[in-house]
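Good morning, and thank you for making time for this presentation. I would ask you to look at the model on the screen before I go through it.

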Amino acid sequence: MNGPVLCVVGARPNFMKMAPILRALAAHEPPIPVLLVHTGQHYDEQMSDQLFRDLKLPRPDINLEVGSGSHAVQTAEVMRRFEPLLDEHHPSCVIVVGDVNSTLACTLVAVKKHVPVVHVEAGLRSGDRLMPEEINRVLTDQVADRLYTTERSAADNLAREGVAAERVCFTGNVMIDSLLSSREAARDPAQTLAAHGLDPALLALGYGVVTMHRPSNVDDPATLEALLRTLGEVAQKLPLVFALHPRTRGNIERFGLDALLDARRTALLPPQGYLEMLGLMSRATLMLTDSGGLQEESTALGVPCLTLRENTERPITVEQGTNTLVGRDRQAILQSVEQVLSGQGKRGRVPELWDGHAAERIAADLWQWLRNRAS
Ligand code: UD1
């Protein structure tokens with residue numbers, strides 16, 4: 001192996017996936033040298049810095065500081081700023097994780113410069129090409145050289161798209177590595193509320209955790225209003241803790257929907273750190289979310305999850321885990337909440353290879369794969 005392995009992170013869900021990979025590459029015998037590149041897609045204290053601290057991620061060796069923008073601007077800016085790094089550092093490969101714009105942007109740059117691309121969390125498909133993440137997934141997987149998957153259905157998706165089976169390796173779920181190694185450090189939910197001046201008594205008899213940030217749920221005023229009204233009804237049955245993503249908070253303000261959030265029944269929080277969120281989720285009665293990561297984390301924690309989407313790229317969370325797709329329909333959401341509250345929530349089981357050792361399997365395979373390529 002010649003140059004370092006260049007590990008790319010950009011947005012919040014990348015951080016919990018890369019943290020265990022970096023640890024496993026360092027612990028590998030012999031250690032695998034890395035450079036950590038942050039594209040700066042997410043950049044502020046709440047969306048980035050706090051997660052770095054919580055996950056014990058090292059300071060990035062390089063920060064491209066691209067910031068926010070339209071899809072085209074953000075993707076193009078990452079590509080423009082990433083390209084010189086490959087000339088400078090001659091990496092033996094680039095590791096990208098997940099499905100955000102930074103994932104695809106760095107993949108495109110690397111593959112055209114003949115630097116091998118390794119995609120962690122490959123092969124997930126929602127079938128919904130209106131989701132920007134689905135485009136990022138499909139295109140990244142088409143050109144990546146080594147693809148590590150989190151569930152067996154991913155290999156079927158890749159085979160259907162003509163990806164050779166030899167490129168694919170089922171290693172399990174690195175995000176669950178992070179969850180299992182951080183569980184003991186998770187913050188007490190009462191403290192999390194108190195830190196924001198909110199009364200923890202709200203949580204005493206159980207609570208639901210809400211996150212919502214998909215453009216399809218929060219960018220259209222009528223859709224967002226209907227969802228907030230339904231959440232208001234849910235909150236009358238079960239107090240909610242709603243961690244507001246900046247996109248969602250911005251749109252609630254812009255569309256003048258603030259009054260729909262009843263502070264007596266809903267604790268409104270800014271985006272939470274990893275350990276705060278883990279604490280909140282671990283003790284929740286249920287989750288209501290449109291996040292991909294939370295669908296998996298709730299399955300690993302055994303907490304019923306009602307997903308505010310019509311589809312999921314993570315079918316194993318529905319088939320084996322605690323996830324139910326409830327979409328945006330008021331009646332369906334209220335009915336599913338009732339079911340959980342009457343003790344009929346899904347209990348589920350933890351899927352194969354979500355065992356806390358996925359990153360070690362990736363490091364072992366990657367080492368061998370790089371050696372084979374070099375010989
Ligand atoms: C991105 C990912 C999405 C992921 C989500 C997690 C893509 C296409 N989308 O969506 O898959 O689930 O991150 O959060 O890559 N902002 C801040 N601080 C930040 C970053 C962003 O306030 O540090 C605000 C900006 O106003 C920005 C908005 O959040 O316009 C959206 O950020 P952006 O990265 O464009 O998309 P996300 O919705 O976060």
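I begin with a single pair: the side chains of Arg214 and Glu133 form a salt bridge, with N and O 2.8 Å apart. Please keep in mind throughout that this is a predicted model. In general terms, side chains of opposite charge can pair when their charged atoms come close.

Let me now place that pair in the wider architecture. The domain assignment divides the protein chain into domain 1, made of 5-172 and 354-374, and domain 2, which covers 185-341. Glu133 therefore belongs to domain 1 and Arg214 to domain 2, by the bounds of that assignment. Taken over C-alpha atoms, the centres of the two domains are 27 Å apart.

How many salt bridges are there between domain 1 and domain 2? The count is 3. Polar contacts between domain 1 and domain 2 come to 8 residue pairs, with both residues at pLDDT 80 or more. On the side of domain 1 that touches domain 2, three helices each supply at least two residues: α1 (12-27), α2 (45-54) and α5 (132-143). Of these, α2 gives the largest share, with 5 residues. By character, that side of domain 1 consists of 7 nonpolar, 5 polar and 9 charged residues.

I turn next to the extent of the interface. The size of an interface is often given as the accessible area lost when the parts come together. Here domain 1 and domain 2 bury about 1800 Å² between them, and 56% of that is on carbon and sulfur atoms. Which three residues supply more than any others of the area that domain 1 buries against domain 2? They are Asp54, Glu151 and Trp354, which together supply 29% of it. In terms of contacts, 21 residues of domain 1 meet 21 residues of domain 2.

The ligand is my next topic. There are 17 residues around the ligand, and those that come nearest are Gln41, Tyr43, Asp44, Glu133 and Arg247. Glu133 is thus named twice in this talk, as a partner of Arg214 and as a residue around the ligand. A polar side-chain atom of Gln41 is 2.8 Å from a ligand oxygen atom. For Tyr43, a polar backbone atom lies 2.8 Å from an oxygen atom of the ligand. Asp44 places an N or O atom of its side chain 2.8 Å from a nitrogen atom of the ligand.

Two points of backbone geometry deserve attention. Most residues other than glycine have a negative phi, and most peptide bonds are trans. The peptide bond from Glu29 to Pro30, however, is cis, with omega near 0°, and Pro30 sits in the loop between α1 and β2 (34-38). Glu65, although not a glycine, has a positive phi of about 50°. Glu65 is in the loop between β3 (62-63) and α3 (71-89).

Returning to charged pairs, what is the count of salt bridges by this rule? It comes to 26. One further pair is Lys113 with Asp87, whose closest N and O atoms are 3.1 Å apart. This pair links distant parts of the chain, 26 residues apart: Lys113 is in the loop between α4 (101-112) and β5 (117-120), and Asp87 is in helix α3.

I close with Gln236, in helix α10, residues 221-237. Leaving aside residues up to four places away in sequence, Gln236 touches Asp262 and Arg265. From Gln236 to Thr317 the separation is 81 residues in sequence and 27 Å in space, C-alpha to C-alpha.

Note on methods. Residues are numbered from 1 along each chain as its sequence is written. This is a predicted model: local features need pLDDT of at least 70, side-chain atom pairs count only at pLDDT 80 or more; totals for chains, interfaces and linings use all residues. Side-chain values use heavy atoms; hydrogens and water are left out. Contact means heavy atoms within 4.5 Å. Buried area is the accessible area (1.4 Å probe) that two parts lose on being put together, summed over both. A salt bridge is a side-chain nitrogen of Lys or Arg within 4 Å of a carboxyl oxygen of Asp or Glu. A polar contact is a pair of N or O atoms within 3.5 Å; within protein, one must be able to donate a hydrogen and the other to accept it, and residues adjacent in sequence count only if both atoms are side-chain atoms. Helices (H or I, at least four residues) and strands (E, at least two) are DSSP runs, numbered from the N terminus. Ala, Val, Leu, Ile, Met, Phe, Trp, Tyr, Cys and Pro count as nonpolar, Asp, Glu, Lys and Arg as charged, and the others, Gly among them, as polar. A residue is near a molecule or strand if one of its heavy atoms lies within 4 Å of it.
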